[in-house]
Amino acid sequence: TDVVLAPGSLTHSLFLYALVHGLDVGATVVLCRTFRPNHVVRLMRQHDASVLYGVPTQLEMIVEAAAREGASFPAMRWVLSSGAKWQGRAGAELRRLCPAARFAEFYGASELSFTTVARDDEDVPAGSVGRAFAGVELTIRDHRGRVLPPGEVGEVFVKSPFLFMGYACGDAAPLRQADGAVSVGDVGVLDARGFLRLVGRASRMIVTAGKNVHPEEIERVLEAHPAVASAAVLGTDDARRGERLVALVRFRDGAAADTPALIAHARAALPLHRIPRRYAVPPRWPTTSSGKSDFEALCRLWQAGACVGLP
């Protein structure tokens, strides 16, 4: 009897899974050709949706649209988030709009399938994406493939019966493997209870003044500022430091902040070498087909000089 709403492209494994799983159990599945928050809200009301999948950016935009329209969703029983770390900024409003719903966050990848889950009835440490699913084994390894102890940062390796068989087409580079486990390049740390915290993606790492910086950590801090809806941290060429940190931001409707305010906010959570000194606003905020920030497109906007610097 469930009505599953999957408001994203089927090229994203989260929404493809929502479709296939929903059909497999006999549920009704509602898809969206394009993601428009107001349209999603209307579909949720029209079909009395009971299960909602989304990436965090989508869920936050759906909550904002529903609040504008005065909508609520008493039939909703599950809200499922994946594709990026849920920051919880819209959590209170989400609970108000969906009073009967439970919330769960998944971490995984197209190549790995679902890897960890964090449910709202668990004592999940702040910043964690949960613990491994049954049948999934997680290890954190160094660049030589050696397993690191709890608390050490390294590359996340997954051993699982759910791993993909291989790439059907294209010329993707082979994934790193060790002892039957596979890594897609995510960097993280496991605690003593097996909860995983992601630090970033190895491919996005920025080296500034000889220090390795993961932009995802800085983005999460900036997005915790009440005026910031989205953030993207880039590394730009710098003769002295190798790369210099630049932060592009998208402000919430009617909100704004200047550079000193954003630096002061970041200093409360980050060491100095991880704090960008330049901030700018792009003319638009490009997203991928799955609703995530398109960092390559944002980088091109910065390189083209299309972004407006903050005072």
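Strands β5 and β6 make a hairpin, with three residues between them. The structure is a predicted model, in which local features need pLDDT of at least 70 and side-chain atom pairs count only at pLDDT 80 or more, while totals for chains, interfaces and linings use all residues. Residues are numbered from 1 along each chain as its sequence is written, and side-chain values use heavy atoms, with hydrogens and water left out. Strands here are DSSP runs of E with at least two residues, helices are runs of H or I with at least four, and both are numbered from the N terminus.

Back to the hairpin. Strand β5 covers residues 102-109 and pairs with β6 in the antiparallel sense over six bridges; two strands count as paired if DSSP finds at least two bridges between them. Within this pairing, E105 sits opposite A118 of β6. Six of the eight residues of β5 are buried, so the strand is largely enclosed by the rest of the structure. Buried means under 20% relative accessible area, exposed means over 50%, and partly exposed is what lies in between, with a 1.4 Å probe and protein chains only. Strand β6 (residues 113-119) is mostly covered too, with five of its seven residues buried.

The hairpin strands belong to an open sheet of seven strands, ordered β2-β1-β3-β4-β5-β6-β7 with mixed pairing. Its edges are β2 (28-31) and β7, each of which pairs on one side only. Going along the sheet from the β2 edge, strand β1 (residues 3-6) runs parallel to β2 and is joined to it by four bridges, with T28 of β2 as the bridge partner of V3. Strand β4 (residues 78-81) is likewise parallel to β5, through four bridges, and here W78 faces R102 of β5. At the other edge, β6 and strand β7 (residues 131-132) run antiparallel and share two bridges; V117 stands opposite R131 of β7.

A second open sheet has four strands in the order β16-β17-β18-β19, again with mixed pairing. In this sheet the edge strands are β16 and β19 (308-309), each pairing on one side only. Strands β16 and β17 run antiparallel and are joined by ten bridges, and T236 stands opposite R244 of β17.

The loop between β16 (228-238) and β17 (242-251) holds R240. This arginine is exposed, at a relative accessible area of 75%. On the surface, R240 gathers with R241, R267 and R277 in a patch of positive charge. Patch members have over 30% relative accessible area and no salt bridge, with like charges joined within 9 Å and nonpolar side chains (Val, Leu, Ile, Met, Phe, Trp, Tyr) within 5 Å. A salt bridge would be a side-chain nitrogen of Lys or Arg within 4 Å of a carboxyl oxygen of Asp or Glu. For the charges, Lys and Arg count as positive and Asp and Glu as negative, leaving out His and the chain ends; each is placed at NZ of Lys, CZ of Arg, CG of Asp or CD of Glu.

There is also a nonpolar surface patch, of about 310 Å², made by L10, L16, V20 and L31. Areas come from the Shrake-Rupley method with a 1.4 Å probe, and for residues only the protein chains shown count as cover. Of the patch members, L16 lies in helix α1 (residues 13-24), and V20 is also placed in helix α1. L16 counts as partly exposed, at 38% relative accessibility. Ten residues separate L16 from A6 in sequence, and their C-alpha atoms are 8.4 Å apart in space.
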